[in-house]
Amino acid sequence: MRINLTSVMVDDQAKAQKFYTEVLGFVTKVDIPVGEYRWLTVVSPDQQEGTQLLLEPLGLPAARVYQKALFDAGIPLASFAVDDCHAEYERMLKLGVVFRGKPELMGPITAVVFEDTCGNLIQMAQV
C-alpha cells in the first residue's frame with residue numbers, strides 16, 4: 001500500500017495554485033473543472049508520477065472550522081521535505097512568505113512553519 005493522493009484545504013483554488021506552483025515549486029498535474037470548483041492537483045517536479053496533492057476547496061462549513069482551529073492552534077496541516085531548509089527559507093522569505101519563526105534543529109530534523117496564503121500552516125522539514 002502507498003499514498004497516491006492527499007489534500008490540503010484551501011480557501012481559493014486559483015490563489016492556491018499560484019502559491020503552490022510559483023512559490024513552492026510544485027507543478028500542476030491535473031486541473032479539471034467540477035461544477036464551481038476544480039479537481040486540482042500538484043506534484044513535485046522531481047516525482048511527477050508520485051503522490052499528488054489535491055488543492056481541496058473549503059466547501060463544507062465543518063472544513064472551515066477545522067482549518068481555522070488548526071491554524072489558530074499553530075498546527076501545520078502538512079509537512080513537505082526539502083534538501084536544505086535554511087536555503088529554502090531564505091528563498092521563500094524573499095518571495096514574501098510569512099514564516100512562524102526561523103528554521104530550528106528539532107532532534108533529527110531542521111524545520112520551520114509557514115503560512116500558505118490559503119488558510120493553512122505548512123511545515124517545511126529537512127530530514
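# Two sheets, a pocket and a small cavity

Visitor: Let's start with a pair. Which residue in S4 does Thr6 stand opposite?

Guide: Thr6 faces Leu53 in S4. Bear in mind that this is a predicted model.

Visitor: Okay. Do S1 and S4 pair in the parallel or the antiparallel sense?

Guide: Parallel, and the pairing of S1 and S4 runs over 6 bridges.

Visitor: What's the strand order in that sheet?

Guide: S1-S4-S3-S2, an open sheet of 4 strands with mixed pairing. S1 and S2 (27-34) are the edge strands, and each of them pairs on one side only. On average, neighbouring strands here are turned by 25° against each other, if you ignore direction.

Visitor: And what's the order in the sheet with S5 in it?

Guide: That one reads S5-S8-S7-S6, also an open sheet of 4 strands with mixed pairing. The average turn between its neighbouring strands is 35°, direction ignored.

Visitor: Why do S5 and S6 each have a side without a neighbour in the sheet?

Guide: S5 and S6 (104-106) are at the edges and have a single partner strand each, so one side of each is left without a neighbour.

Visitor: How many bridges join S5 to S8?

Guide: There are 4 bridges between S5 and S8 (residues 121-126), and the two strands run parallel. Within that pairing, Ser79 has Gln123 as its bridge partner in S8, and Phe80 stands opposite Met124.

Visitor: What about S7 and S8, parallel or antiparallel?

Guide: Antiparallel, with 6 bridges joining S7 to S8. Glu115 stands opposite Leu121 in S8.

Visitor: Which residue takes a positive phi in the hairpin of S7 and S8?

Guide: Thr117 does, in a hairpin with 5 residues between the strands. Its phi is about 70°, although Thr117 is not a glycine. For context, most residues other than glycine have a negative phi.

Visitor: Why does Thr117 count as partly exposed?

Guide: Thr117 has 41% relative accessibility, and partly exposed covers what falls between the buried cut-off of under 20% and the exposed one of over 50%.

Visitor: Switching topic: pockets. How much space lies in the largest pocket?

Guide: About 730 Å³. The lining is made of 29 residues, and those nearest the pocket centre are Phe26, Ser44, Phe80, Ala81 and Val82. So you meet Phe80 again, the residue opposite Met124 in S8.

Visitor: Which elements give two or more residues to that lining?

Guide: S1 (5-10), S3 (37-43), S4 (52-57), S5 (78-81) and helix H3 (85-94) do. S5 gives the most, with 4 residues.

Visitor: How does the pocket lining split by class?

Guide: It has 15 nonpolar, 9 polar and 5 charged residues.

Visitor: How many cavities of 30 Å³ or more does a search of the whole structure find?

Guide: The search turns up 1. The largest cavity holds about 40 Å³ of space.

Visitor: Which residues line the largest cavity?

Guide: Among them are Met9, Phe71, Pro76, Gly119 and Leu121. Leu121 is the residue that Glu115 stands opposite. Helix H2 (residues 61-73) gives the most to this lining, with 3 residues.

Visitor: And how many of the cavity-lining residues are charged?

Guide: No charged ones, just 7 nonpolar and 3 polar.

Visitor: Now the largest nonpolar core. Which residues have the most contacts inside it?

Guide: Tyr20, Leu24, Leu55, Phe114 and Met124, in a core of 25 residues. Several elements supply at least two residues of the core, including S1, S4, S5, S7 (109-115) and S8. H1 gives the most, with 4 residues.

Visitor: One last spot: where is Thr51 found?

Guide: Thr51 is in the loop between S3 and S4. Its relative accessible area is 37%, so Thr51 is partly exposed.

Visitor: What separates the C-alpha atoms of Thr51 and Asn4?

Guide: A distance of 4.7 Å, with the two residues 47 residues apart along the chain.

Notes
Residues are numbered from 1 along each chain as its sequence is written. This is a predicted model: local features need pLDDT of at least 70, side-chain atom pairs count only at pLDDT 80 or more; totals for chains, interfaces and linings use all residues. Side-chain values use heavy atoms; hydrogens and water are left out. On a 1 Å grid over the protein atoms alone, a cavity is a set of points where a 1.4 Å probe fits but cannot get out, and a pocket is an open set with protein on both sides within 12 Å along at least five of seven lines; lining residues have an atom within 4 Å of a point. Grid points are joined across faces, edges and corners, and a volume is the space filled by probe spheres set on the points. Ala, Val, Leu, Ile, Met, Phe, Trp, Tyr, Cys and Pro count as nonpolar, Asp, Glu, Lys and Arg as charged, and the others, Gly among them, as polar. Two strands pair if DSSP finds at least two bridges between them. Axes are lines fitted to C-alpha atoms, for helices over the stretch in contact, and angles run from 0 to 180 degrees between N-to-C directions. A nonpolar core is a set of buried Ala, Val, Leu, Ile, Met, Phe, Trp, Tyr and Cys residues joined through side-chain atoms within 4.5 Å. Buried means under 20% relative accessible area, exposed over 50%, partly exposed in between (1.4 Å probe, protein chains only).
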